Structures are given as C-alpha cells and as structure tokens.
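Please open the model in a viewer and keep the selection panel at hand. The tour below proceeds stop by stop, stating what to select and what is found there.

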Amino acid sequence: MKIAILSRGPKLYSTRRLVEAAEERGHEVRVIDALRCYMNINSVTPEIHYKGEVLTGFDAVIPRIGASVTFYGTAVLRQFEMMNVYPLNESVSISRSRDKLRSLQLLSRKGIGLPVTGFAHSPDDVDDLLKTVGGAPVVIKLLEGTQGVGVVLAETHSAASSVIQAFNGLKANILVQEFIKEAGGADIRCFVVGGKVIAAMKRQGKEGEFRSNLHQGGSASLIKISAAERATAVNAAKAMGLNVCGVDLLRSNHGPVVMEVNSSPGLEGIEGATGKNIAGMIIEFMEANANKTGNRARTKGRG
C-alpha cells in the first residue's frame, strides 16, 4: 500500500515507529505536514496539494493530528476521505474525541462509567455547581486543555470557588469533576486497535502530583486489567467511532471510569512499558481493513 502519515513531526517517536513498521512490511510511506497542505474542493475531482504537487495514489492515511491543529488537520483528513483514501481514524471521530464535553455526553449516552461531571461557562451559583458533583475536593479542567495542562485539583470548597471564579474571568469553559481519591494519582491507558485492547499500562503521577500524564513527569509500567476495564475501554472506543485510540481509565470505588479517549495516542510509553510492537499491530489492522469493499470513509459511531 501507499500510506500517508499526517504528522508535523517526522522525527517524533510515534511517527518514526509507524514509518518503520510500514516499511518493514513492504509499504510505501510518506510523512505529510497537514498545515502545509491546501485543497481544491469540488464535486468531481477533489484534490490535496502539498508544496506545489498534487497528492495522488494513496491507499490509506494515518492521522497523527495534534490538538492545537485539530480544525485544519481534520479538514485535510476529510479531503483524503473524499478522495476515497482509507482513514485509520475518521475525521468525524477525531473531532468528537477532541471536544471534551461532547465526548463525555456521547459516553454517558452509552452508559459508560464516568466521573460525576458538571459543565459551566459562567455559573451564577458556584455553590450549586459544586454540590452537583458531590462537593470538594474536585478537579477543575479547562475544556481546551491537553496533556494535563489546565487541570487543577481544588481540595476545599473555598479553593474550588476561587479557581472557578478565576476561570470565569478568562471567559473559559470548564468541567468540574469529582476527585477519584482512591486512584492514588494513577490511571490506566488501554490501547485499543480494531475493537480490542492490545496493550495496557499504568501511569503513575510523580510524588505529590495527582495528574498521571507522562508529559507531567509520570511513569509507566505494565499492568493487568480486569474484564470490566477491558469492556469499558472497548465500548468507549466504539462509542467514539475510533479504530485506534488510547482510553484512559481510573479505578474508582464504583468501577472503572473513563477520563479521556485519545485519538492520537503516543506509542513510546506503551511500547516501552509492554515491550509490544504496537506500531506493527496498527499497520496489520490497516492491511486487513483498507481494501475491504465499502470500508473507506464510512462514518462509525453516533452523535
């Protein structure tokens, strides 16, 4: 196959591993910066231009679209879909996953376990907002934050009120969630490919840190997940319509709860913790699905 990888960082670990895995299996691979693409949108022959040339002949596209370029990146991916190129993850599914509020609403519609969550822009009654999620301590998140940035733990009612008022002053949309203390600053990243959890790792926050993101100094280790955790991860991926994703879970007293579904999960941490060739498994999935009749650019999921 001829495969395009939409990535702004050809030297990034995840991009390099996908290129290596595809080339090892005999495929032709090209890394393309989505922001350098420009498009001819028409009903007959939609085109993508890149640095002065027309991109043609691709069988599949792997989107590695950063959160900061979601709007333009998904527009480029939609153009590939219009050209009948098989997308590893579809543009509509990526857009769903990047909208934290929409993601939670879609997951809750399917009955998937979630932390108790409140959403607000400029709440007139902060006390009532905090009451809806069970009171302090609470986790307050900027809706547009990524990799643990814009996430605050407020341990008291007064601290929570102060943080919410500060975010109100910035005209920011926020999520207020119950704090899952029993998780102990750790979460579980389940890596889902084609409706199966192919690997899982525990991410532990550094001492005194409740966020477990590896970008925030957390550490990764191998972990065995329960049947309930496996089912929750698979159902979350299905609800979002994602073929490949990282589903982040917390172990709570009321069962596994989903914190986030990541449509462009990094490979370095999960490959290092598990020793598995995750990149190779992704390419194998593409080989099995890209050329199936009617399997290109078909929207999955609901909402």
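Select strands S15 and S16 to begin: S15 covers residues 244–252, runs antiparallel to S16 and is joined to S16 by 7 bridges. Strands and helices are DSSP runs numbered from the N terminus, with at least two residues (E) for a strand and at least four (H or I) for a helix; two strands pair if DSSP finds at least two bridges between them. Within this pair, Arg 251 stands opposite Pro 256 of S16.

The model is predicted, so local features need pLDDT of at least 70 and side-chain atom pairs count only at pLDDT 80 or more, whereas totals for chains, interfaces and linings use all residues. Residues are numbered from 1 along each chain as its sequence is written, and side-chain values use heavy atoms, with hydrogens and water left out.

Widen the selection to the whole sheet. This is an open sheet of 5 strands with antiparallel pairing, in the order S14-S13-S12-S15-S16. S14 (219–222) and S16 form the edges; each has a single partner strand, so one side of each is left without a neighbour in the sheet. Direction ignored, neighbouring strands are turned by 35 degrees against each other on average.

Next, display helix H7 (residues 227–240), which packs on the sheet and touches S12 (186–193), S13 (196–204), S15 and S16. The direction of H7 makes about 35 degrees with that of S16. Here, axes are lines fitted to C-alpha atoms, for helices over the stretch in contact, and angles run from 0 to 180 degrees between N-to-C directions; contact means heavy atoms within 4.5 Å. Add helix H9 (residues 278–289), which also packs on the sheet, touching S12, S13 and S15, with its direction at about 35 degrees to that of S12.

Now turn to the annotated positions. An unreviewed UniProt entry places the feature "binding site" at Glu 260 and Asn 262, and also lists Asp 248 and Glu 260 under that feature name. UniProt positions follow the numbering used here, feature names are shortened, and annotations may be inferred rather than shown by experiment.

Select Asp 248, in strand S15. Is Asp 248 buried or exposed? Asp 248 counts as buried because its relative accessibility is 4%; buried means under 20% relative accessible area, exposed over 50%, and partly exposed in between (1.4 Å probe, protein chains only). Beyond residues up to four places away in sequence, Asp 248 touches several residues, including Asp 187, Arg 189, Arg 203 and Glu 260.

Move to Glu 260 in strand S16, which spans residues 255–262. Glu 260 counts as partly exposed because its relative accessibility is 35%. Leaving aside neighbours within four places in sequence, Glu 260 is in contact with Gly 246, Val 247 and Asp 248. Asn 262 also lies in S16; not counting residues up to four places away in sequence, Asn 262 touches Arg 189, Cys 245 and Gly 246.

For a further stop, select helix H2 (residues 70–82), whose 13 residues reach 18 Å from first C-alpha to last, close to the 18 Å expected at 1.5 Å a residue; the expected span is 1.5 Å times one less than the number of residues. Among the buried residues of H2 are Val 76, Leu 77 and Phe 80. Asn 84, which follows H2, has a positive phi near 65 degrees.

Finally, select the entire protein chain, which has 9 helices and 16 strands. Buried residues make up 52% of its 303 residues.
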